[in-house]
Amino acid sequence: MPELPEVETIRSSLAPALTGRRLEHVEILDPRLTRPEPPELVAAALEGERVADVRRRGKYLVVVFESGRHLLVHLRMTGNVLHPAPEGRRDDPHVRAVVRLDDGSDVLYRDIRRFGTWDLLEPGELEEYFAARRLGAEPLSRGFTTAGLGRAFARRKAPVKAALLDQRAVAGVGNIYADEALWYARINPLASAGSLDAEQIAALRNGIRTALRRGIRRQGATLRDYRDADGRRGRMQEEFRVYGREAEPCERCGTPIAKTRVAGRGTWYCPSCQALTGSR
Ligand SMILES: [Zn+2]
């Protein structure tokens, strides 16, 4: 599932190709993409729009149009945006939308599991959209502070990993980068979020930023279920400290990495560096 570094990798390659281009023709082939809006209405509304910028908020791609409208693309499990369109991909059954730009090139939206969404917002609706989803701080921005993270976690009994996954404290962190961040911070994924002290919160803030920055530098991770979904291949999976590394030695202390489940998700950690201290 693409997380912040994977979405940022897509954003940074799309932005120069799309900025300044007009959407000449839009075909939305899967009604699930725009539900409950009818796909032909969204497609018609998009035609003629000119792209002013391509941004990111958490795991959302935000296409900014000169008109002030925004197209919010959430890739969910297996969504991907391809430009330029690979040869032969137009007959690919997983292509859900095709956008012809005014330079004659095509942008393809591909999604095997079909959980991805496109929301077209009218001018002025963006803030409300994210507020309604209680989307937390942008972790690589200056606004992501230790104090803010501490406030978001205060009195929360949920395991810290679950609190990271639900996007309300911090946006864009998913299963991979949550495990990596907690390893950097030496915090057990099952520790309750509200039990962390100021020092741990500060370490976690830094751990989140370190894990995400490494992910972006390696152009994200390319995992099994994502392998043939994209034209891009990240290398972050070669650098995981704990994620998916059960029984391999911890790089810091040599203890075999353990696996558990938190919030229904496979969770990897070092039982020695990330011991659960009952007293906290
Ligand atoms: Zn360790």
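1. The note opens with Arg50. Leaving aside residues up to four places away in sequence, Arg50 touches Gly20, Arg21, Arg22, Val64, Phe65, Glu66 and Asp102. Arg50 itself is placed in the loop between H2 and S2. With a relative accessible area of 28%, this residue is partly exposed. Arg50 and Leu101 are 51 residues apart along the chain, yet 9.4 Å separates their C-alpha atoms.

2. A word on confidence is in order, since this is a predicted model. The protein chain has a mean pLDDT of 93, and 95% of its residues reach 70 or more. Residues 225-229 are another matter: their pLDDT stays under 50, and the model has 18 contacts for them beyond four places in sequence. Where pLDDT is low, predicted coordinates should not be read in detail.

3. One open sheet consists of four strands in the order S1-S6-S7-S5, paired in the antiparallel sense. Its edges are strand S1 (23-28) and strand S5 (79-82), each of which pairs on one side only. From one strand to the next, the twist averages 15°. Strands of a sheet pair through backbone hydrogen bonds, either parallel or antiparallel.

4. The pairings within this sheet can be followed strand by strand. S1 and S6 are antiparallel and share five bridges; here Leu23 stands opposite Leu101 in S6. S6 is also joined to S7 by five bridges, again in antiparallel fashion, with Val99 opposite Val107 in S7. Four antiparallel bridges link S5 and strand S7 (residues 106-111), and Asp111 in S7 is the residue opposite Gly79.

5. Strand S6 merits a separate remark. Six of its seven residues are buried, and the strand is mostly covered. The hairpin of S6 and S7 has four residues between the strands, and within this hairpin Gly104 takes a positive phi near 90°.

6. A further open sheet of four strands has the order S2-S3-S4-S8, also with antiparallel pairing. Strand S2 (51-57) and strand S8 (117-121) are the edge strands, pairing on one side only. Neighbouring strands of this sheet are turned by 20° against each other on average, direction ignored. Strand S3 (residues 60-65) and strand S4 (residues 70-74) pair over five bridges in the antiparallel sense, and Val62 has Leu72 in S4 as its bridge partner.

7. Helices pack on this sheet as well. Helix H1 touches S2 and S3, and its direction makes about 175° with that of S2. Helix H2 (residues 39-46) touches S3, S4 and S8, with an angle of about 55° between its direction and that of S8. Helix H1 (residues 4-18) also lies across S5, strand S6 (95-101) and S7, running at about 35° to S5. H1 is thus in contact with strands of the sheet S2-S3-S4-S8 and lies across strands of the sheet S1-S6-S7-S5.

8. Why is helix H6 described as largely enclosed by the rest of the structure? The reason is that eleven of the eleven residues of helix H6 (residues 175-185) are buried. Among these buried residues are Ile176, Tyr177, Leu182, Trp183 and Tyr184, and also Asp179 and Glu180. Their cover includes H1, helix H5 (160-165), helix H7 (198-217) and strand S10 (265-269). Just after H6, Arg186 takes a positive phi of about 60°.

9. The last point concerns the metal site. Which residues supply the protein donors of the zinc ion? They are Cys250, Cys253, Cys270 and Cys273, each through its SG atom, at 2.1 to 2.4 Å from the ion. Along the chain, the donors follow the spacing C-x2-C-x16-C-x2-C. The site is tetrahedral, with angles of 99 to 114° among the four donor atoms. For comparison, the ideal angle for four tetrahedral donors is 109.5 degrees.

10. Are the donors Cys250 and Cys253 buried or exposed? Cys250 has 4% relative accessibility and therefore counts as buried. Cys253, at 37% relative accessibility, counts as partly exposed. The cut-off behind this reasoning is that buried means under 20% relative accessible area, exposed means over 50%, and partly exposed lies in between.

Methods:
Residues are numbered from 1 along each chain as its sequence is written. This is a predicted model: local features need pLDDT of at least 70, side-chain atom pairs count only at pLDDT 80 or more; totals for chains, interfaces and linings use all residues. Side-chain values use heavy atoms; hydrogens and water are left out. Donors are N, O and S atoms within 2.8 Å of the metal (3.2 Å for Na, K and Ca); water is not among the atoms, so sites may look incomplete. Four donors count as tetrahedral if all angles lie between 85 and 135 degrees; four count as square planar and six as octahedral if opposite donors are over 155 degrees apart and all others between 65 and 115; anything else is irregular. Buried means under 20% relative accessible area, exposed over 50%, partly exposed in between (1.4 Å probe, protein chains only). pLDDT is the predictor's confidence in each residue, from 0 to 100. Contact means heavy atoms within 4.5 Å. Two strands pair if DSSP finds at least two bridges between them. Helices (H or I, at least four residues) and strands (E, at least two) are DSSP runs, numbered from the N terminus. Axes are lines fitted to C-alpha atoms, for helices over the stretch in contact, and angles run from 0 to 180 degrees between N-to-C directions.
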